[in-house]
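Please open the model in your viewer and keep the sequence panel beside it, since each stop on this tour begins with a selection.

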Amino acid sequence: MNRRDFLRHSGLSAGALGASAGMPFLSHSWAGNEVSGQPSQERIDYSFSMNEQKVQIYLAGFSDTVRITMIADTHLFRDDQRGDPYREYSARMAKAYNQTAHFKTGEQTDPESGFRQSVHLAQENNSDLFSIVGDLFSFPSEAAIEWVQSQLADADMDYLYVAGNHDWHYEGMPGTLQELRETWINKRLLPLYQSANPLMFSRVCKGVRIVAIDNSDYQITPEQLAFFKSEVSTKAPLILMLHIPLYAPGRPVGFGCGHPDWGHDSDRNYLIERRPRWPVAGHTPATMAFHEAVFSAPNLLAVFAGHIHRQSLDILHGIPQIVAPANANAGFLQIEVVAA
Ligand SMILES: [Fe+2]
């Protein structure tokens with residue numbers, strides 16, 4: 001197994017890996033055949049390392065430090081009498097993560113503790129941004145959303161939020177995934193976006209553009225594809241955050257958005273999750289084009305995602321994609337962009 005294959009198959013639940021410390025990532029030196037797209041311009045000059053939950057990106061020509069604390073998959077389930085009319089849609093997920101095991105120690109913990117600890121960590125580390133990358137909630141409970149708003153207001157720090165597939169999903173409620181997402185974002189989750197477009201937005205942090213895309217229905221819209229391309233065209237260093245990681249060769253269908261086998265026949269959970277079965281046609285052309293655009297973007301530093309509930313690293317065309325361990329288990333990532 002060569003180095004690239006080893007990294008591709010590494011699922012890092014613990015331990016340290018200096019994946020690429022000191023190695024410049026120039027895409028023309030990565031003749032991988034996983035993705036057909038080729039960079040159209042010289043790749044931005046950087047390298048990265050990952051040691052347990054700390055990800056460092058060493059960026060040539062950068063003289064500042066950007067610190068981001070990132071979480072995904074908290075799965076908050078707090079609810080009150082306002083949730084009574086929705087019990088038939090929330091019952092399964094309301095029980096799914098009531099007690100959890102700490103991702104490192106195995107000790108008993110719970111989603112609210114995981115969230116509070118990561119907020120505290122972000123404050124302690126003077127994070128420029130607290131990034132919440134989906135499945136913050138197990139269903140769109142008003143009580144849970146209010147609890148988060150009060151925690152974030154008390155912390156008084158910059159944050160971004162983009163949805164995961166559970167945040168807006170009342171299981172079994174009639175409607176397409178797209179309809180349910182639009183309905184419950186607008187009815188409940190909207191304040192968390194702080195006036196940003198819930199499906200696509202970017203935040204500039206000391207010259208680094210943090211791009212958030214909602215792929216929580218497993219698809220990318222043509223508008224999101226165009227938005228990502230417009231971010232690439234700025235030529236500024238980019239970090240992409242989305243809930244469902246992007247397909248990496250060798251990973252199973254459940255892992256990645258853009259997997260060629262994703263679709264009707266490979267959907268094993270639609271009955272459990274009481275949602276429409278994935279489409280016969282598989283991913284939309286825009287979703288597949290997005291995957292290609294991401295891993296051929298010359299100014300993209302890294303992709304960060306959640307959904308899998310287990311820390312992992314894949315590298316495609318020299319671009320790392322890192323999945324955070326679930327915040328329901330107290331998981332988090334600490335990301336730093338520093339001078340090379
Ligand atoms: Fe999740």
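Begin by selecting Ser47, which stands opposite Tyr58 in strand 3. In this predicted model, widen the selection to strand 2 (residues 46-51) and strand 3 (residues 54-59), which run antiparallel and are joined by six bridges. Another pair to display here is Tyr46 with its bridge partner in strand 3, Leu59. Then move to the turn of this hairpin, where two residues lie between the strands and where Glu52 takes a positive phi near 50°.

Keep strand 3 selected and add strand 15 (residues 333-339), which runs parallel to strand 3 and is joined to it by six bridges. To see where the two strands face each other, pick Ile57, which stands opposite Val337 in strand 15.

Before going further, zoom out to the whole chain. The protein has 340 residues, of which 47% count as buried, and its secondary structure comes to seven helices and 15 strands. Among contacts with a separation of 6 or more, 75% are between residues that are 24 or more positions apart.

The next selection is Asp73, in the loop between strand 4 (66-71) and helix 2 (87-94). Its phi is near 65°, a positive value in a residue other than glycine. Is Asp73 buried or exposed? Asp73 counts as buried because 29 other C-beta atoms lie within 10 Å, and the cut-off for that class is 20 or more.

For a second loop residue with positive phi, go to Arg274, which is found in the loop between strand 11 and helix 7. Arg274 is also a residue other than glycine, and its phi is near 45°. With 15 other C-beta atoms within 10 Å, Arg274 is partly exposed, a class that falls between the limits of 12 or fewer for exposed and 20 or more for buried.

Now colour the open sheet of six strands, whose order is 9-10-11-12-14-13 and whose pairing is mixed. Which strands stand at the edges of this sheet? They are strand 9 (200-205) and strand 13 (312-316), each of which has a single partner strand, so one side of each is left without a neighbour in the sheet. Looking across the sheet, you can follow a twist that averages 20° from one strand to the next.

Within this sheet, select strand 12 (residues 300-305) together with strand 14 (residues 319-323), which pair in the parallel sense over three bridges. One residue to label is Val303, whose bridge partner in strand 14 is Gln321. Next, display helix 6, which packs on the sheet and touches strand 9, strand 10 (208-213) and strand 11, while its direction makes about 175° with that of strand 10.

From the sheet, pick out Ile239, which lies in strand 11 (residues 238-241). Ile239 is classed as buried because 25 other C-beta atoms lie within 10 Å, against a cut-off of 20 or more. Leaving aside residues up to four places away in sequence, Ile239 touches Val208, Ile210, Val211, Leu301, Ala302 and Phe304. If you use the distance tool between the C-alpha atoms of Ile239 and Asn299, which are 60 residues apart along the chain, it should give a separation of 8.9 Å. When you turn on the side chains in this part of the model, keep in mind that in a regular strand the side chains alternate between the two faces of the sheet.

For the last stop, return to helix 6 (residues 222-233) and add helix 7 (residues 285-294); the two pack at an angle of about 15°, with their axes 9 Å apart. That angle makes helix 6 roughly parallel to helix 7, because angles under 35 degrees count as such. Helix 6 passes helix 7 in a left-handed crossing. To show where they meet, select Pro222, Gln224, Leu225, Phe228 and Lys229 in helix 6, and Ala286, Ala289, Phe290 and Ala293 in helix 7. Coloured by residue type, this contact of helix 6 with helix 7 divides into seven nonpolar residues, one polar and one charged.

Key: Residues numbered from 1 in each chain as written. Predicted model: local features only at pLDDT ≥ 70, side-chain atom pairs only at ≥ 80, totals over all residues. Helix = DSSP H or I, 4+ residues; strand = E, 2+ residues; numbered from the N terminus. Contact = placed C-beta atoms within 7 Å. Axes fitted to C-alpha atoms, helices over the stretch in contact; angles between N-to-C directions. Parallel < 35°, antiparallel > 145°, perpendicular 65-115°, else oblique. Left-handed = near helix turned anticlockwise from the far one by under 90°. Nonpolar A, V, L, I, M, F, W, Y, C, P; charged D, E, K, R; others polar. Pairing = 2+ DSSP bridges.
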